[in-house]
Amino acid sequence: MSRNLRTPLKRAMGLGSAKDGTGHFMVQRITAIALVLAGAWLIGLLLSLNSTDYVFVRATVRDPLNATVLVAFLIAACWHAKLGLQVVIEDYVHAPLLAGIAHLANIFACALLAVAGVLAVLRIALGA
């Protein structure tokens, strides 16, 4: 026997769970794991490049494995930030117009940051 805890009015108005919370939760955790793994790689890489010159650092970024990890880190970081800020906006911004503007600003800022970072890595990696 299934128990529905929503009132008849809420059922009629369609109010209740949007059935998306678990997916959001899982993606946030997956991006966090990706950030830990890629971040550990990048910290090791940065520590190994501590006292090297500019030409060697560019050559290191041109390595396909390092460029791939950098791009993966940038995408995961921007996606994770977008999801986290979305939760903050949903929890603390109660004015509908301001919440909508904040959501759009969050999406555009994270997308712009991701595209700019990936293009910068690709520019270095491809030798432009």
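A residue is taken as buried when its relative accessible area is under 20%. In this predicted model, C110 meets that criterion, because its relative accessibility is 11%. C78 is likewise classed as buried, since its relative accessibility is 8%.

With two buried cysteines in view, it is natural to turn to their pairing. Searching the whole structure yields zero disulfides. For C78, the closest cysteine sulfur belongs to C110 and lies 6.1 Å away, which is too far for a bond. The cut-off for a disulfide is a sulfur-to-sulfur distance within 2.5 Å. Seen from the other side, C110 has the sulfur of C78 as its nearest cysteine sulfur, at 6.1 Å, and takes part in no disulfide.

The packing of helices comes next, beginning with α2 and α4. Helix α2 spans residues 21-48 and helix α4 spans residues 64-92; their axes approach to within 8 Å and cross at roughly 140 degrees. The pair is therefore oblique. As to hand, the crossing of α2 and α4 is left-handed. Where these two helices touch, the contact residues comprise 17 nonpolar and eight polar ones, with no charged residue among them.

Helices α2 and α4 also appear in the description of the interior. The largest nonpolar core is made up of 12 residues, including A38, L42, L45, V69, L70, V118 and V121. At least two residues of this core come from each of α2, α4 and α5, the last of these covering residues 96-125. Helix α4 provides the largest share, with four residues.

One member of the core, V118, deserves a closer look. V118 sits in helix α5 and is counted as buried because its relative accessible area is 17%. Although V118 and I75 are 43 residues apart along the chain, their C-alpha atoms are separated by 7.9 Å.

A further pair that is distant in sequence involves D63. This residue is located in the loop that links α3, residues 54-62, to α4. With a relative accessible area of 34%, D63 is partly exposed, whereas V118 is buried. D63 and L126 stand 63 residues apart in sequence, and the distance between their C-alpha atoms is 9.7 Å.

Note on methods: Residues numbered from 1 in each chain as written. Predicted model: local features only at pLDDT ≥ 70, side-chain atom pairs only at ≥ 80, totals over all residues. Heavy atoms only, no water. Axes fitted to C-alpha atoms, helices over the stretch in contact; angles between N-to-C directions. Parallel < 35°, antiparallel > 145°, perpendicular 65-115°, else oblique. Left-handed = near helix turned anticlockwise from the far one by under 90°. Nonpolar A, V, L, I, M, F, W, Y, C, P; charged D, E, K, R; others polar. Buried < 20%, exposed > 50% of the residue type's maximum accessible area, 1.4 Å probe, protein only. Core = buried A, V, L, I, M, F, W, Y, C linked by side-chain atoms within 4.5 Å.
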